[in-house]
Amino acid sequence: MTHLFINALSASAGGGLTFIRNVVPELALRDDVRTTLLVGKALRDEIAESSRVSVVEEPYPESAGTRFWHEQRLLPRLIRRSGANVLLCPGNFALFRSPVPQILLSRNALYTSADFQRDVRERGDYRLWIDAKVKSAVARWSVLRAECTAAPSEAFARELRQWTGKEVICIHHGFNHEAFFQESAPLPQQIQERLAAAEGSVRVLFVSHFNYYRNFETLIRAIAIVKQKLHPRRVRLILTCKLVSKENPGSYRAEAAAELVHALKLDEEVVQLGFVPYALLHHLYRNCRIYATPAYAETFAHPLVEAMASGLPVIASDLAVHREICGKAAVYFPRFSAEPLAREIIQLSECEARRAEMRELGLQRSRDFRWDRHVEALLRVAQGLASARV
């Protein structure tokens, strides 16, 4: 039997949390694998132990660099103690001296993104620029070190192959329709009130905490154009974050985006909801008319699948990853161009037939992504590595 050790210490936000929340329940259903999961305190209460899933909780440093070295010292001992025969690293960085074969899940496009490097320099955020350079070097070393590296999309797998010269496989991330829509509890009253105040407007949704690579500024500029051209109709941009640095994970500075909202007189149009619990997100999707993402770097983009599954037409920046995930179920625009994005928002808002067509295409496309398929592919790799080591 395969015994998988998953290092989830770094899973604290975004795709890392989504991965753990969905993959561990799938692993718990299988009788051909045993799983030991290493987590921090924040994630411990979410994971249910069972006869097939054991959870190890460890405190860890907040600093990414300190945490990396902490894991390098801690993990070999924990892996040996658990009896695992394959290590799964879903956090982009491999273990230097792993006692068992390891599968690296590389899912951070910032390490290969020239756009991100340029963006950070132009913002004068040199501390983040240096941090990204260091992490990029470690991430590249990790791909070279791991027995197998998997990317969540073929587009990103190609980037990694070109970047490292090493073979990288694609295992698409999944989506659990039943689990995503099962929570019947309503959105918090405050969020309901803010959505009700936007009733009758063209509600454009963007699900993300604030960071640079999601390219908030292009979307904000597009909303200013839509506001002017749709007048007297109203438009509202619904955000699941607040443009305040301290209220978002990471060290990204949100002040410039907040100042842009004020400068363009969009304080009423940009609705900053803040954090929305993942289990309640489906209510939010279904309260909006269009989903838009201007991101300039991505590896999979779970909100695109969530939006399609919720029946929302999607407008996405023209990235290879976005085209791979959405196909014909989305329309695309140049990633730094506000006017084409605004034009697509206006055209979709005015054409019910086009929205209905895209809604149907999106619902069909979202069914192509399933976590059970992801886990099946992952375990085939793990079983092969475990057998080869015997």
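# Questions about a predicted fold

Me: Strand β8 (residues 202–206) runs parallel to β11, and two bridges pair them. What makes β8 and β11 count as paired strands?

Reply: This is a predicted model, and the test is a count of bridges: at least two are needed. β8 and β11 have two, so they count as a pair. One partnership to look for is that of L205 with Y291 in β11.

Me: How do you know that β11 also pairs with strand β12 (residues 314–317)?

Reply: By the same rule of at least two bridges. Three bridges join β11 to β12, and these strands run parallel, so this is a pair too. Here A292 has I315 in β12 as its bridge partner.

Me: Which hand does the β-α-β unit of β11, α12 and β12 have, and what makes it so?

Reply: The unit is right-handed. With the strands pointing away from the viewer, the path from the first strand over the helix to the second runs clockwise, which is why the term applies.

Me: Which way do the residues of β11 point, and are they buried or exposed?

Reply: I290 and A292 point one way, Y291 and T293 point the other way, and all are buried.

Me: What is unusual about the backbone of N92, and why is N92 called buried?

Reply: N92 is not a glycine, yet its phi is positive, about 80°. N92 sits in the loop between β4 (86–89) and β5 (102–105). Its relative accessibility is 7%, and the cut-off for buried is under 20%, so N92 counts as buried.

Me: Where is A301, and why is A301 called buried?

Reply: A301 is in the loop between β11 (290–293) and α12 (302–309). A301 has a positive phi as well, about 75°, although it is not a glycine. A relative accessibility of 9% falls under 20%, so A301 is buried.

Me: Which peptide bond is cis, and where does its proline lie?

Reply: The bond from H231 to P232 is cis, with omega near 15°. P232 belongs to the loop between α9 (216–230) and β9 (235–239).

Me: How many aromatic pairs are there, and why is the pair of F210 and Y212 called edge-to-face?

Reply: The count is 16 aromatic pairs. For F210 and Y212, the centres are 6.2 Å apart and the planes meet at 80°. The distance is within 6.5 Å and the angle is over 60 degrees, so the pair is edge-to-face. F210 has a relative accessible area of 0% and Y212 has 1%; both values are under 20%, so both residues are buried. F210 and Y212 belong to one aromatic cluster, with F206 and Y291 also among its members.

Me: What makes R123 a charge over the ring of Y212?

Reply: R123 lies over the face of Y212, at 4.1 Å from the ring centre, and the distance limit is 6 Å. R145 does likewise over the face of F96, at 4.6 Å from the ring centre.

Me: How many disulfides are there, and why is C89 not in one?

Reply: The count is zero. The closest cysteine sulfur to that of C89 is in C148, 12 Å away; a disulfide needs the sulfurs within 2.5 Å, so C89 is too far for a bond. C89 is buried, at 1% relative accessibility.

Me: Why is C351 called partly exposed, and what rules out a disulfide for it?

Reply: C351 has a relative accessible area of 31%, which lies between 20% and 50%, so the term is partly exposed. Its sulfur is 19 Å from the closest cysteine sulfur, in C326, which is too far for a bond.

Terms used: Residues numbered from 1 in each chain as written. Predicted model: local features only at pLDDT ≥ 70, side-chain atom pairs only at ≥ 80, totals over all residues. Heavy atoms only, no water. Helix = DSSP H or I, 4+ residues; strand = E, 2+ residues; numbered from the N terminus. Buried < 20%, exposed > 50% of the residue type's maximum accessible area, 1.4 Å probe, protein only. Phe/Tyr/Trp six-rings, centres within 6.5 Å; stacked < 30°, edge-to-face > 60°. Lys NZ or Arg CZ within 6 Å of the ring centre and 35° of its normal.
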